[in-house]
Amino acid sequence: MNGMATQKKQEAPLLPVYLVVGEDALKRDTVMKRLRARLSSMGDLSFNADEFDGETAQGGDIVTACNTVPFASPVRLVEVRAADKLKKADAEQLVSYLGSPNGSTVLALVAEKLAKNTRLYKAVAACGKTAVIDCAPLKRYELPRTVRSMAVTHGVTLTEGAAVKLVDLVGEDTVHLDSELKKIALAHRGTDAVNEHEIVDMVSRTAEVKPWEFVDAFAARDVRKCLLYLGRMDSVSPHALLAMCTTRLRELVCARSMADRGNPRGVAAALKAPDWRVKNHVNWARGFTAAELRRAIISSRDTERAMKSGADPRSAFLDWVLAVTARR
């Protein structure tokens, strides 16, 4: 590419376009910071950068910015935020542009999601193996280790228990986690690792419990967790939770039947579900008698009727949960 040949040996040549895509906002921001830093080292971006919002931008304006000659710099940056919100006609103009892109411009398309079968995704991918930068979020079980690494960048270390507790309190949004780590770093005194007790003292709960976490606790007949989680699920209706719990009970009936017939490994196939989603079903099913499962399903119907007939939905649901999870 003209004007971009003098790169550091350890850096790959710049491409004319990058798609920074994924639901991890902190990853997306980090990628863009690194890209801006790299381009800034090549020339002044103050006069050589344009930003667009995909929800309102017009394709023609973006293409015009891409074709603009850089001023006192070998390279320009054109960034399109929310590129997945571009209207089809505007996205098509970018597809056409990428057929013969300007060699002195880097077009950065930033998006939470963009299907691989779209013409824009394919046009970007065709520009190079590294053109698409995946910013998919980590799995929840992977977050504590990442949080501990993030903490080091702020000048503190966290114990494993502290990292787990921070994820529990704040949730899986890495931007929010990073923000809390900055506060923790400012408040922490000494060189010892931040422990779980400090996290509890310094961090307010902002994360809601996921519905599936409650349903898992329900299936495990863990009354303590059920009560704890219900207090952290203000935005989830008891009607929805009742439906999800009833579905889980029916799945446990199937799991128990498969186990009784000597085929516990056949649960996933019987339920047409991936293995990881039903890995605990047999153990949970064995925590109920067959009669208890039948009664629970029948009583869920009665609870639904009560909720629709004037009873307080949350109270009716709680009574049902306690009746089902109580061990006799």
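Contact here means heavy atoms within 4.5 Å. With that in hand, let's look at helix α3 in this predicted model, and then at two loop residues, Ala 82 and Arg 221, that have a positive phi without being glycine.

**Helix α3: the buried side**
- Helix α3 spans residues 88–97, and its buried residues are Asp 90, Ala 91, Leu 94, Val 95 and Tyr 97.
- Looking down the axis of α3, you will find these buried residues within an arc of 160 degrees, so they line one face of the helix.
- The cover over the buried residues of α3 includes two helices, α2 (59–66) and α4 (119–125), along with the strand β4 (105–111).

**Helix α3: the side turned away**
- Lys 88, Ala 89 and Ser 96 are exposed, and they sit on the face of α3 that points away from its buried side.

**Two loop residues with positive phi**
- As background, most residues other than glycine have a negative phi.
- Ala 82 has a phi near 50 degrees, which is a positive value.
- You can find Ala 82 in the loop that runs between β3 (76–81) and α3.
- Ala 82 is partly exposed, because its relative accessible area of 24% lies between the cut-offs of 20% for buried and 50% for exposed.
- Arg 221 also has a positive phi, in this case near 55 degrees.
- The loop between α9 (211–219) and α10 (223–230) is where Arg 221 is placed.
- Arg 221 is buried, because its relative accessible area is 6% and buried means under 20%.

Key:
Residues are numbered from 1 along each chain as its sequence is written. This is a predicted model: local features need pLDDT of at least 70, side-chain atom pairs count only at pLDDT 80 or more; totals for chains, interfaces and linings use all residues. Side-chain values use heavy atoms; hydrogens and water are left out. Buried means under 20% relative accessible area, exposed over 50%, partly exposed in between (1.4 Å probe, protein chains only). Helices (H or I, at least four residues) and strands (E, at least two) are DSSP runs, numbered from the N terminus. The arc is that of the directions from the helix axis to the C-beta atoms.
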